[in-house]
Amino acid sequence: MHDKFTTLTPALYEYVVAHNPPPDAVLRDLAAETAALGPLSLMQIAVEQGAFLTFLARVLGARRAVEVGTFTGYSAISIARGLEPDGHLLCCDVNEEWTAIARRYFARAGLAERITLRLGPALDTLRALPSTPAIDLAFVDADKPNYRAYYEELLPRLAPRGVIVFDNVLWMGQVLDPADTADATQAIRALNDSLVRDERVEAVMLPVSDGITLVRRR
Ligand SMILES: C[S@@+](CC[C@H](N)C(=O)[O-])C[C@H]1O[C@@H](n2cnc3c(N)ncnc32)[C@H](O)[C@@H]1O
């Protein structure tokens with residue numbers, strides 16, 4: 001069991017990044033501007049995750065996508081770029097300052113028409129969506145204690161071949177530390193434990209970056 005993974009050293013991580021589609025000037029500039037915000041820039045998804053989200057949107061032929069947690073827009077641009085020509089992405093966030101950066105880069109990427117940013121608690125935004133199963137791709141990367149609630153709103157709205165992607169499911173390894181009883185850690189642990197038993201779905205957890213879980217309806 002334990003010989004089936006390769007520990008990702010910094011050098012090997014650079015190798016992974018070098019063998020993915022490189023971020024273009026828009027994403028590179030966005031990453032640099034986000035890095036200037038300081039430690040909270042760690043919230044941005046990793047380069048290979050951006051490439052993966054674009055790829056996933058493409059293979060799904062996604063037209064309708066929802067993002068919960070947009071920050072400065074890196075994952076949103078990655079998703080929107082993979083959508084079909086008539087596709088649309090709804091972004092949910094509460095922070096005006098960070099999403100103002102996202103809006104600038106959406107425009108620069110030529111994606112302003114294809115992305116709607118809704119400011120307000122994501123749970124309210126999701127509950128206000130039509131209850132029809134129309135979402136082809138959802139990316140969940142906001143406040144961890146609400147992951148479960150986001151899941152329960154997204155699942156009935158997921159198209160038959162749609163996929164929900166949860167980010168940070170390993171929570172930097174904290175899921176394994178029983179002494180960590182923080183709300184976020186407990187919420188992620190509980191969601192991880194319930195998804196493998198949830199008969200409504202098939203869920204696959206992968207050690208990409210801080211861990212991602214992909215969910216589809218059975
Ligand atoms: C980890 S960051 C998202 C990073 C983003 N996906 C990226 O790649 O740059 C989490 C975001 O969730 C937002 N957020 C936190 N609580 C929220 C809530 N209740 N509703 C909507 N967004 C929320 C924060 O404002 C923050 O921008």
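**Disulfides and ligand contacts in a predicted model**

The count comes to 0 disulfides, a disulfide being a pair of cysteine sulfur atoms within 2.5 Å. This is a predicted model, in which local features need pLDDT of at least 70 and side-chain atom pairs count only at pLDDT 80 or more, while totals for chains, interfaces and linings use all residues. Residues are numbered from 1 along each chain as its sequence is written, and side-chain values use heavy atoms, with hydrogens and water left out.

User: Why is Cys 91 not counted in a disulfide with Cys 92?

Analyst: The closest cysteine sulfur to that of Cys 91 belongs to Cys 92 and lies 7.4 Å away, which is too far for a bond.

User: What makes Cys 92 count as buried or exposed?

Analyst: Cys 92 has 1% relative accessibility and therefore counts as buried, since buried means under 20% relative accessible area, exposed over 50% and partly exposed in between, with a 1.4 Å probe and protein chains only. Cys 91, at a relative accessible area of 0%, is likewise buried.

User: What makes the pair formed by the ligand and the side chain of Asp 93 a polar contact?

Analyst: An oxygen atom of the ligand is 2.6 Å from an N or O atom in the side chain of Asp 93, and a polar contact is a pair of N or O atoms within 3.5 Å; within protein, one must be able to donate a hydrogen and the other to accept it, and residues adjacent in sequence count only if both atoms are side-chain atoms. A ligand nitrogen also lies 3.0 Å from a polar backbone atom of Gly 69, and a ligand oxygen 3.2 Å from one of Ile 45.
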